[in-house]
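Got your viewer open and a selection box ready? Load the model below and we'll walk through it stop by stop.

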Amino acid sequence: MIKFKIGINSKMILLILSITISIYAISMAYMMISLKRISMRDAQKIADTYAREYANLAGSNFNVDMDISRALSQAYLGYKNLQPEQRLTFYNEILKNVLERNQNFLSTWLIWEIGAIDPTYTKPHGRARFTYYRNQQQDIVYKAEILDTIDYNPDGAYYKMRQSKQETIMDPYYFSYTGKESDQIMETSVCVPILDNGKFVGLAGVDVALGR
């Protein structure tokens with residue numbers, strides 16, 4: 001009789017232990033799932049907070065860059081009052097000074113519609129681009145180019161801005177100021193049209209490295 005009771009008690013103890021262990025395991029699993037959800041939610045909130053902070057910082061920086069590009073555009077509106085030689089010297093000096101005083105800029109540049117600065121030019125396309133840029137040694141280099149006098153891409157970024165006449169921050173792109181692929185930099189351009197009584201006559205702006 002005593003042996004029989006011991007057998008029953010053993011079975012009951014095993015049953016109770018099994019139920020207890022099952023409840024404990026279920027409770028632990030629930031707690032782990034809950035903690036994971038809480039951790040994920042907290043991590044997302046932290047990530048969102050950092051994203052907003054950096055977005056605000058980036059937006060603030062680009063606002064400053066846009067203001068400088070606007071100032072360049074407005075400064076060049078007096079181009080008709082200057083002789084070609086004076087205009088080139090004066091406007092290039094502005095570009096160089098702005099680049100020297102803004103270490104975060106890769107380049108400052110000015111693009112004229114050739115027809116706007118040369119009355120004898122009759123083609124509907126063609127532009128003159130003047131650029132000051134920093135090379136890999138951080139020296140400031142000057143570059144002048146005549147572009148699109150024979151063929152041009154109407155779907156290119158410049159001609160889209162000529163059509164829209166809107167201030168633009170370009171999508172990120174790779175660019176090399178030397179033409180060498182090894183010198184390419186991931187950058188964006190902050191661009192402001194030069195409008196003479198509503199007519200597009202050129203574009204002014206700055207280039208900024210995306211590493212910033």
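Which residue in β3 is the bridge partner of R129? Select E145, since that is the partner of R129 in β3. This is a predicted model, where local features need pLDDT of at least 70, side-chain atom pairs count only at pLDDT 80 or more, and totals for chains, interfaces and linings use all residues. Residues are numbered from 1 along each chain as its sequence is written, and side-chain values use heavy atoms, with hydrogens and water left out.

**The hairpin.** Now show β2 and β3, which pair in the antiparallel sense over eight bridges (two strands pair if DSSP finds at least two bridges between them). Helices (H or I, at least four residues) and strands (E, at least two) are DSSP runs, numbered from the N terminus. Five residues sit between β2 and β3 in this hairpin, and Q138 in the turn has a positive phi of about 70 degrees.

**Two loops.** Next, click D148, in the loop between β3 and α4. D148 is not a glycine, yet its phi is positive, about 65 degrees. Its relative accessible area is 18%, so D148 is buried (under 20% is buried, over 50% exposed, partly exposed in between, with a 1.4 Å probe and protein chains only). Then jump to N197 in the loop between β6 and β7, where phi is also positive, near 55 degrees. N197 is exposed, at 80% relative accessible area.

**Inside β6.** Select S189 in strand β6; at 3% relative accessibility, S189 counts as buried. Draw a distance from the S189 side chain to that of Y173: a polar contact of 2.5 Å joins them (a pair of N or O atoms within 3.5 Å; within protein, one must be able to donate a hydrogen and the other to accept it, and residues adjacent in sequence count only if both atoms are side-chain atoms). Leaving out residues up to four places away in sequence, S189 also touches others, including W109, M170 and V206 (contact means heavy atoms within 4.5 Å).

**Out along the helix.** Finish on T20 in helix α1, residues 2-75. T20 is partly exposed, with a relative accessible area of 45%. Measure from T20 to R162, C-alpha to C-alpha: the two are 142 residues apart in sequence and 76 Å apart in space.
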